[in-house]
Structures are given as structure tokens and as C-alpha cells.
Amino acid sequence: AIKMYPEKKNQIFGSGTVLDTARFRFLLGEKTEVNPTSLHAYIVGEHGDSEVPLWSTAMVGNTPLDQFHKLSPEEKDTIFNEAKNAAYAIIEGKQSTYYAVAAGIVSLVNSVLYNKKTVFTVSHQLNGLLGIKGVCLSLPRVVGARGILRDIEIAISPEEKEAIKQSANNLAQAESHLL
């Protein structure tokens, strides 16, 4: 028999910035000469123009990125913009990004099916985290058999927190135009 979980709302989430985060880690790996699986760095917020790179929490293993390999502000901008705009380049070259999307979805499904309890930047409605309510945003969350098992409260810079709030405001405004 299928077991029904009381927290069904946690079983509803979007792929959010999973691809952006993977591209971000890949580009950071190239720059730092470290396998992306050893990098802990996230792009959060909306999947779009107002997404936010979390430089303040970026780690190589358990060492802060800036301590492991100091990047200039220009290098950070280049890496982030390449990660954010990669889909446009891919679409221009091969007309779609469906293989990358499929790979991301397979990773999410595997985490649910096999209860892998993996951290992904999936989209889910916020109910007070970072002072944001009623908007679906991508943030690092543990995903397993019951869907989102828990949010991860991240210690980010004040500038990053404000950028995430602006991303939430952008989404709220877009939603209000649809209603």
C-alpha cells in the first residue's frame, strides 16, 4: 500500500534553479580546478533575471571559496552571468535545453524515489523564511521520499538577503498581473 504523508504540501515543488546551480558549480569548478561535486555553491530566488548567486556561502569542501581561490568581482560577474544565461546560448546553438532539464528532473526524481535526502535549490512556497511569505522561490532544501524534507536556513550576506527579497517582489508583482 502507498503511505500518504501528512505534509502533502511538501510534495509539491518545482525544479527552480537546479540547472542554474549545476552550471554555476561547473563554471566555478573550471575556474578553481576542482570537481563541481566538491563545490557547495547555490543560485537562488526566481529562475530568471532576478536570481541570486550566494557567493557568501560558496565553499570548496568545507573551506570558504574566497579563502580557497579569491575571485575578483569581475570574475564573479562573468561566472554568474554565464551560468544565468547559459540556456540562451544553448537554445541559440541547438534550439532547446530539454536534455539539461531532463537530467535535472531525473536527479530530483531519484532523490524522491530512493530517499537520497539530497540538497537541491528547488522552488517551494515560502511561509516566513527570510521574512518572505506566499511566494515560491528556489532555496537550498533537502529532498527525499516525502518531497521537501526541510528548508536549510542559510547564513547569507545582507546584500544577498535583499536581492532574494527583490526576487520575491518581482515574482509577486508578476503574479498580481496574472490575476
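In which helix is Ile105 found? In this predicted model, Ile105 belongs to helix H4, which covers residues 98–113. The relative accessibility of Ile105 is 34%, so the residue counts as partly exposed, a class that lies between the limits of 20% and 50%. Ile105 also contributes to a nonpolar surface patch of about 470 Å². The other members of this patch are Val101, Val109, Leu113 and Tyr114.

Helix H1 comprises 15 residues, from 18 to 32. The distance from its first C-alpha to its last is 21 Å, close to the 21 Å expected at 1.5 Å a residue. H1 is mostly covered, with 11 of its 15 residues buried. The buried positions include the charged residues Asp20, Arg23 and Arg25. Also buried in H1 are Val18, Leu19, Thr21, Phe24, Leu27, Leu28, Gly29 and Thr32. Glu33 follows the helix and has a positive phi, near 60°.

The segment before H1 contains Asn10. Asn10 has a relative accessibility of 16% and is therefore classed as buried, the cut-off being under 20%. A polar contact of 3.4 Å links the side chain of Asn10 to the side chain of His124. By its number, His124 falls within strand E6, which spans residues 118–127. The contact thus joins the segment before H1 to the side chain of His124.

Strand E6 pairs with strand E7, residues 133–144, in the antiparallel sense. Nine bridges are found between E6 and E7. Within this pairing, Thr118 stands opposite Val143 of E7. The two strands form a hairpin, with five residues between E6 and E7. One of the turn residues, Gly128, has a positive phi of about 120°.

A further set of strands forms an open sheet. This sheet has three strands in the order E1-E4-E5, with antiparallel pairing. Its edges are strand E1 (39–40) and strand E5 (63–64), each of which pairs on one side only. Strand E4, residues 59–60, pairs with E1 over two bridges in the antiparallel sense. In this pairing, the bridge partner of His40 is Met59 in E4. In general, strands of a sheet pair through backbone hydrogen bonds, in either the parallel or the antiparallel sense.

Note on methods:
Residues numbered from 1 in each chain as written. Predicted model: local features only at pLDDT ≥ 70, side-chain atom pairs only at ≥ 80, totals over all residues. Heavy atoms only, no water. Pairing = 2+ DSSP bridges. Helix = DSSP H or I, 4+ residues; strand = E, 2+ residues; numbered from the N terminus. Patch = residues over 30% accessible without salt bridge, like charges linked within 9 Å, V, L, I, M, F, W, Y side chains within 5 Å. Areas by Shrake-Rupley, 256 points an atom, 1.4 Å probe, with all protein chains shown as cover. Salt bridge = Lys/Arg side-chain N within 4 Å of Asp/Glu carboxyl O. Buried < 20%, exposed > 50% of the residue type's maximum accessible area, 1.4 Å probe, protein only. Expected span 1.5 Å × (residues − 1). Polar contact = N/O pair within 3.5 Å; in protein donor to acceptor, adjacent residues only side chain to side chain.
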